[in-house]
Amino acid sequence: MGSTSDWPVMSKSVEILERFHIPHEVQVLSAHRMPDELFAYAEAASTRGVRALIAGAGGAAHLPGMLAAKTLVPVLGVPIPTTHLAGEDSLYSIVQMPAGTPVATFAIGDAGATNAALFAVQLLAHDNSELHTALVDYRRTRHDEAASSVLPPT
């Protein structure tokens with residue numbers, strides 16, 4: 001994430017990764033304040049076995065794009081809500097990548113962080129039957145929770 005202030009949103013990604021027992025790292029890599037560290041991290045990602053990078057950033061939100069420019073590991077971008085523009089600035093920054101440098105961009109905020117992690121799980125489950133089964137169970141649980149809903153809510 002771009003800064004510690006992004007943690008409340010990005011913690012949603014971590015919750016999903018932990019639920020599925022996916023090894024992960026969490027750290028601050030500011031595109032503007034730590035470019036050398038960001039480049040080193042991105043350049044080494046594939047050699048360390050990293051299969052996806054979930055990058056959350058707000059405002060100018062250059063972190064996902066800069067990571068994508070420096071690695072072939074898939075980058076999943078999460079726009080962080082901002083004070084003045086509610087995260088629309090972050091969304092536009094992440095989603096407007098030039099052709100040839102893709103960043104998979106998710107919704108602004110908590111839903112985006114959750115879905116980015118679930119997308120990473122889906123990528124990993126493609127060739128991991130145990131993880132695939134866990135993902136099927138997760139989806140079934142979500143279905144059953146919705147199907148058992150009572151209206152009006154109590």
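This is a short talk on helix packing, nonpolar cores and a few single residues in the chain shown above.

A caution before I start: the model is predicted.

I'll begin with helix packing. Two packed helices are described by the angle between their axes and the distance between the axes. I have two such pairs to show.

The first pair is α2, residues 35-45, and α3, residues 63-70. Their axes lie 8 Å apart, and the packing angle is about 50 degrees. α2 and α3 are therefore oblique to each other. As for handedness, α2 passes α3 in a right-handed crossing. On the α2 side, the residues that meet α3 are L38, F39, Y41, A42 and E43. On the α3 side they are L63, M66, L67 and K70. By type, the residues of this contact of α2 with α3 come out as seven nonpolar, two charged and no polar.

The second pair is α5, residues 110-125, with α6, residues 129-147. Here the axes come within 8 Å and cross at roughly 140 degrees. Is that crossing left-handed or right-handed? For α5 and α6, the crossing is left-handed. α5 and α6 are oblique to each other as well. From α5, the contact takes in L118, V121, Q122, L124 and A125. These meet L131, H132, L135, Y138 and R139 in α6. This contact of α5 with α6 divides into seven nonpolar residues, two polar and one charged.

Next, the cores. In soluble globular proteins, nonpolar side chains tend to be buried together. In this model the largest nonpolar core has 18 residues. Which of them have the most contacts inside the core? They are L53, L63, L67 and V75. Three elements give two or more residues to this core: α2, β1, which is 53-58, and α3. The largest share comes from α2, with four residues. There is another core, lying apart from this one, with twelve residues. I22, L118, V121 and A125 are among them. L118, V121 and A125 also appear in the contact of α5 with α6.

Back to L53 in the largest core. With neighbours within four places in sequence left aside, L53 is in contact with Y41, L67, T71, V73, P74, V75 and L76. Of these, Y41 and L67 were also named in the contact of α2 with α3.

V103 is the next residue to look at. V103 sits in the loop between α4 and β3, where β3 is 104-105. V103 is buried, because its relative accessible area is 12%, and under 20% counts as buried. Its contacts, again without neighbours within four places in sequence, are P64, G65, A68, V75, G77, I94 and M97. V103 and A55 are 48 residues apart along the chain, yet their C-alpha atoms are separated by 9.5 Å.

Now F119, in α5. Is F119 buried or partly exposed? At a relative accessible area of 32%, F119 is partly exposed. Not counting residues up to four places away in sequence, F119 touches L76 and F106. F119 and A104 are 15 residues apart in sequence, and their C-alpha atoms are 9.7 Å apart in space.

S30 is in the loop between α1, which is 7-19, and α2. S30 is buried, with a relative accessible area of 5%. G2, P35 and L38 are the residues that S30 touches, not counting those up to four places away in sequence. One of these, L38, is also part of the contact of α2 with α3.

Last, the backbone. Most residues other than glycine have a negative phi, and most peptide bonds are trans. I have three places to point out against that background.

One is A61, where phi is near 50 degrees, a positive value in a residue other than glycine. A61 is in the loop between β1 and α3, and is buried, at 4% relative accessible area.

A86 also has a positive phi, about 60 degrees, although it is not a glycine. A86 lies in the loop between β2, residues 75-80, and α4, residues 88-95. At 48% relative accessibility, A86 counts as partly exposed.

Then there is the peptide bond from L151 to P152, which is cis, with omega near -5 degrees. P152 is in the segment after α6.

That is where I'll stop.

Technical notes. Residues are numbered from 1 along each chain as its sequence is written. This is a predicted model: local features need pLDDT of at least 70, side-chain atom pairs count only at pLDDT 80 or more; totals for chains, interfaces and linings use all residues. Side-chain values use heavy atoms; hydrogens and water are left out. Axes are lines fitted to C-alpha atoms, for helices over the stretch in contact, and angles run from 0 to 180 degrees between N-to-C directions. Angles under 35 degrees count as roughly parallel, over 145 as roughly antiparallel, 65 to 115 as roughly perpendicular and the rest as oblique. A crossing is left-handed if the near helix is turned anticlockwise from the far one by less than a right angle, and right-handed if clockwise. Contact means heavy atoms within 4.5 Å. Ala, Val, Leu, Ile, Met, Phe, Trp, Tyr, Cys and Pro count as nonpolar, Asp, Glu, Lys and Arg as charged, and the others, Gly among them, as polar. A nonpolar core is a set of buried Ala, Val, Leu, Ile, Met, Phe, Trp, Tyr and Cys residues joined through side-chain atoms within 4.5 Å. Buried means under 20% relative accessible area, exposed over 50%, partly exposed in between (1.4 Å probe, protein chains only).
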